[in-house]
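Below are some remarks on the model you sent, set out as numbered points. Please read them with the structure open beside you.

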Amino acid sequence: MFWNQKSDQCLLQFSASLLFTCVAPVHGGSLNVHQVASNVWMAQGEPAELDEENKGNISNSSFIATGNGVVVIDTGTTETYGRQLRETIKEYTDEPVRWVINTHHHPDHTFGNSAFSGVPIMALSGTKNALNRDGDFFLKTVKERVGDTAAETVVSMPNVNVEPGVKLFSGYSLKLMKFTGHSGNDLVVYDPQSGTLFAGDILFWNRAPTTPHSPGIDIWLEELDRLSEIEVKAIIPGHGPFARDYSPLVQTREWLLWLDALMKEGVMKGYSANTLIDAEIPGQFAGMSLAKFELTRTISHFYRKYEDDWWESTNR
Ligand SMILES: [Zn+2]
């Protein structure tokens with residue numbers, strides 16, 4: 001059973017038992033939109049890696065109707081997605097999109113920017129620099145993995161630098177905070193009016209965190225301590241469902257603590273990276289997608305540093 005959006009008909013497929021039901025279409029076209037607060041929504045991406053099937057829709061985008069225009073937070077992986085998001089927003093509010101914020105430079109959060117031409121696209125200056133550095137490589141990767149859907153996608157830079165602090169959006173205040181743990185330049189946005197924290201990829205939930213641009217798991221963990229001091233009513237992570245409690249923060253911290261302990265123990269015992277990649281993933285992460293995949297990536301690029309640090313500390 002599925003909703004055929006092209007013909008706008010509910011097509012029924014019989015199951016083997018000849019029982020069937022018909023469900024309403026997902027509101028917001030094919031985007032999986034959830035209302036987080038009276039004026040805040042999240043379009044949830046799939047908990048997967050980029051591929052042709054998911055069309056690159058793997059991360060969360062959010063939008064806030066401020067009363068004087070919409071703030072969009074993150075624009076997805078392709079221009080096609082960005083356009084779809086812009087159209088979808090019209091289903092929820094009559095307010096025009098007036099501002100876009102990029103939480104960080106990764107392609108699944110910035111490559112829909114070109115669909116928002118004419119709108120100021122805000123980011124930390126370090127995010128722009130990082131996108132200048134990595135953009136062409138990201139674009140090649142996205143086009144290879146996503147295929148035709150990404151054909152029109154380009155690297156579209158943020159065009160307004162923002163600093164951490166409280167920023168007014170036609171009178172609607174958002175607190176912008178700078179972190180580094182996930183990508184080196186991570187903007188976390190807090191909306192005091194709705195109590196919503198837009199965490200970008202500083203937080204994941206039920207999808208394993210990615211670490212390739214992290215300056216260090218220890219740094220990320222320290223920042224999570226800072227983040228936990230903020231009183232929130234809802235958290236929107238960069239990937240995974242939103243929560244009305246601190247679950248994304250708790251799980252991200254537990255995952256990073258486990259990785260950190262695994263690599264420290266591995267060094268002490270003289271294990272190879274391959275041994276650690278085969279480590280059993282604790283049951284508490286059973287519901288976390290891509291856990292094995294991200295464990296492999298993290299060990300591949302971080303374990304050498306743990307070995308070097310240990311060697312340096314024992315040969316002083
Ligand atoms: Zn990211």
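**Notes on the predicted model**

1. The lining of the second largest pocket comprises 2 nonpolar, 10 polar and 3 charged residues. The model is a predicted one, and the volume assigned to this second largest pocket is about 320 Å³. Its lining is made up of 15 residues, and those that lie nearest the centre are Ser30, Asn54, Lys55, Asn57 and Gln84. Helix α1, which spans residues 79-89, supplies the largest share of this lining, namely 3 residues.

2. Lys55, one of the residues nearest the centre of that second largest pocket, deserves a look at its backbone, since its phi is positive, at about 55°, although the residue is not a glycine. Lys55 sits in the loop between β4 (40-44) and β5, and it counts as partly exposed because its relative accessibility is 47%.

3. A positive phi is also found at Asp74, which is not a glycine either and has a value of about 75°. Asp74 belongs to the loop between β6 (70-73) and α1, and with a relative accessibility of 2%, which is under the 20% limit, Asp74 is classed as buried.

4. Asp74 is also one of the residues that line the largest cavity. A search of the whole structure returns 1 cavity of 30 Å³ or more, and the space in the largest cavity comes to about 70 Å³. Among the other residues of its lining are Asn60, Ser61, Ser62, Ile73, Thr103, Phe198 and Gly200, and the elements that give two or more residues to this lining are β5 (61-65), β13 and β14 (234-239). By class, the lining of the largest cavity has 5 nonpolar residues, 6 polar residues and 1 charged residue.

5. The largest pocket should be considered separately, with a volume of about 420 Å³. Its lining consists of 20 residues, and Glu49, Pro107, Phe138, Arg145 and Arg297 are those that lie nearest its centre. Two elements, α2 and α3 (125-146), give two or more residues to the lining of the largest pocket, and α3 gives the most, with 6 residues. The lining of the largest pocket divides into 7 nonpolar, 6 polar and 7 charged residues.

6. Which residues coordinate the zinc ion? The donors are His104 through NE2, His106 through ND1, His182 through NE2 and Asp201 through OD, at 2.1 to 2.2 Å. In sequence, these donor residues follow the spacing H-x1-H-x75-H-x18-D. The site links distant parts of the chain, for His104 lies in the loop between β7 (97-101) and α2 (107-110), whereas Asp201 lies in strand β13 (residues 196-204), 97 residues apart.

7. The arrangement around the zinc ion is irregular because the 4 donor atoms subtend angles of 90 to 170°, and a tetrahedral assignment would need all angles to lie between 85 and 135 degrees. Of the donor residues, His104 is buried, with a relative accessible area of 0%, and Asp201 is buried too, with a relative accessible area of 2%.

8. Thr127, in helix α3, touches one of the zinc donors, as His104 is among its contacts beyond four places in sequence, together with Thr103, His105 and Asn185. Thr127 has a relative accessible area of 0% and is therefore buried. Between Thr127 and Met157, which are 30 residues apart along the chain, the C-alpha separation is 9.2 Å.

9. Ala123, in strand β8 (residues 121-123), likewise counts as buried, at 0% relative accessibility. Leaving out residues up to four places away in sequence, Ala123 is in contact with Asn102, Pro158, Val160, Asn161 and Val162. Ala123 and Phe204, by contrast, are 20 Å apart in space from C-alpha to C-alpha, with their positions 81 residues apart in sequence.

10. Is Asp260 buried or exposed? Asp260 counts as buried, because its relative accessibility of 11% falls under the 20% limit. This residue is part of helix α5 (residues 247-269), and, apart from residues up to four places away in sequence, Asp260 touches Ile217 and Tyr306.

Terms used:
Residues are numbered from 1 along each chain as its sequence is written. This is a predicted model: local features need pLDDT of at least 70, side-chain atom pairs count only at pLDDT 80 or more; totals for chains, interfaces and linings use all residues. Side-chain values use heavy atoms; hydrogens and water are left out. Donors are N, O and S atoms within 2.8 Å of the metal (3.2 Å for Na, K and Ca); water is not among the atoms, so sites may look incomplete. Four donors count as tetrahedral if all angles lie between 85 and 135 degrees; four count as square planar and six as octahedral if opposite donors are over 155 degrees apart and all others between 65 and 115; anything else is irregular. Helices (H or I, at least four residues) and strands (E, at least two) are DSSP runs, numbered from the N terminus. Buried means under 20% relative accessible area, exposed over 50%, partly exposed in between (1.4 Å probe, protein chains only). Contact means heavy atoms within 4.5 Å. On a 1 Å grid over the protein atoms alone, a cavity is a set of points where a 1.4 Å probe fits but cannot get out, and a pocket is an open set with protein on both sides within 12 Å along at least five of seven lines; lining residues have an atom within 4 Å of a point. Grid points are joined across faces, edges and corners, and a volume is the space filled by probe spheres set on the points. Ala, Val, Leu, Ile, Met, Phe, Trp, Tyr, Cys and Pro count as nonpolar, Asp, Glu, Lys and Arg as charged, and the others, Gly among them, as polar.
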